[in-house]
Amino acid sequence: RGEGIAVRIELAPALVDRVPASGALYLIARTAATGPPLAVARYELGNWPRQLELTDANAMLPGTSLRDQERLQLTARISRSGQPAAASGDLFGEVGYDPAVAGPMVLTIDRIVP
């Protein structure tokens, strides 16, 4: 098993027309639904679905291991502005991840930030 978390990012068909022409895709791991991110990776927008991997190299604090966490909340967010902070109109999806039992994850972007 590798050090990273393999994630297939899918986009709900109802939101395809809402994807901006420019912006960024963020993949975020937190230890709880709220609070600061444990790891963040930024990607250019592209075709769907996307196969991505979040690794310890994406950790906010050096020496942090994603696989050492009991549970993680993974969020994929399409930022219309390209900025990391969530803003109204951004598209997102979330899924829980348990490193002890989970294989590759599927995360569907299916919601809009109010």
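Guide: Let's start with a word we'll need: a residue is called buried when its relative accessible area is under 20%. Keep in mind that this is a predicted model.

Visitor: Okay, so what percentage of the protein chain counts as buried?

Guide: Here 43% of the 114 residues do. As for what the solvent side looks like, the accessible surface comes to about 6200 Å², and carbon and sulfur atoms hold 51% of that.

Visitor: How many helices and strands are there in the protein chain?

Guide: You'll find eight strands and zero helices. The chain's radius of gyration is 13 Å, close to the 13 Å the globule rule gives for 114 residues, so it is as compact as a globular protein of that length. Along its principal axes, the C-alpha trace spans about 40 × 25 × 20 Å.

Visitor: And which residues have the most contacts inside the largest nonpolar core?

Guide: General idea first: in soluble globular proteins, nonpolar side chains tend to be buried together. In this chain, the largest nonpolar core has 25 residues, with Leu27, Leu74 and Ile109 making the most contacts inside it. Among the elements giving two or more residues to this core are strand E1 (5–11), strand E2 (24–30) and strand E7 (105–109).

Visitor: What is Ile109 in contact with, beyond its neighbours within four places in sequence?

Guide: Quite a list, including Ile9, Leu25, Trp48, Ala76 and Phe92. Looking at the whole chain, take the contacts with a separation of 6 or more: 58% of them join residues 24 or more positions apart.

Visitor: How far apart are the mean positions of the positive and negative charges?

Guide: They're 5 Å apart, for 11 positive and 12 negative charges.

How values were computed:
Residues are numbered from 1 along each chain as its sequence is written. This is a predicted model: local features need pLDDT of at least 70, side-chain atom pairs count only at pLDDT 80 or more; totals for chains, interfaces and linings use all residues. Side-chain values use heavy atoms; hydrogens and water are left out. Helices (H or I, at least four residues) and strands (E, at least two) are DSSP runs, numbered from the N terminus. The radius of gyration is taken over C-alpha atoms; the globule rule is 2.2 Å times the number of residues to the power 0.38. Buried means under 20% relative accessible area, exposed over 50%, partly exposed in between (1.4 Å probe, protein chains only). Contact means heavy atoms within 4.5 Å. Accessible areas come from the Shrake-Rupley method with a 1.4 Å probe; for residues, only the protein chains shown count as cover. Lys and Arg count as positive and Asp and Glu as negative; His and the chain ends are not counted. The place of a charge is taken as NZ of Lys, CZ of Arg, CG of Asp or CD of Glu. A nonpolar core is a set of buried Ala, Val, Leu, Ile, Met, Phe, Trp, Tyr and Cys residues joined through side-chain atoms within 4.5 Å.
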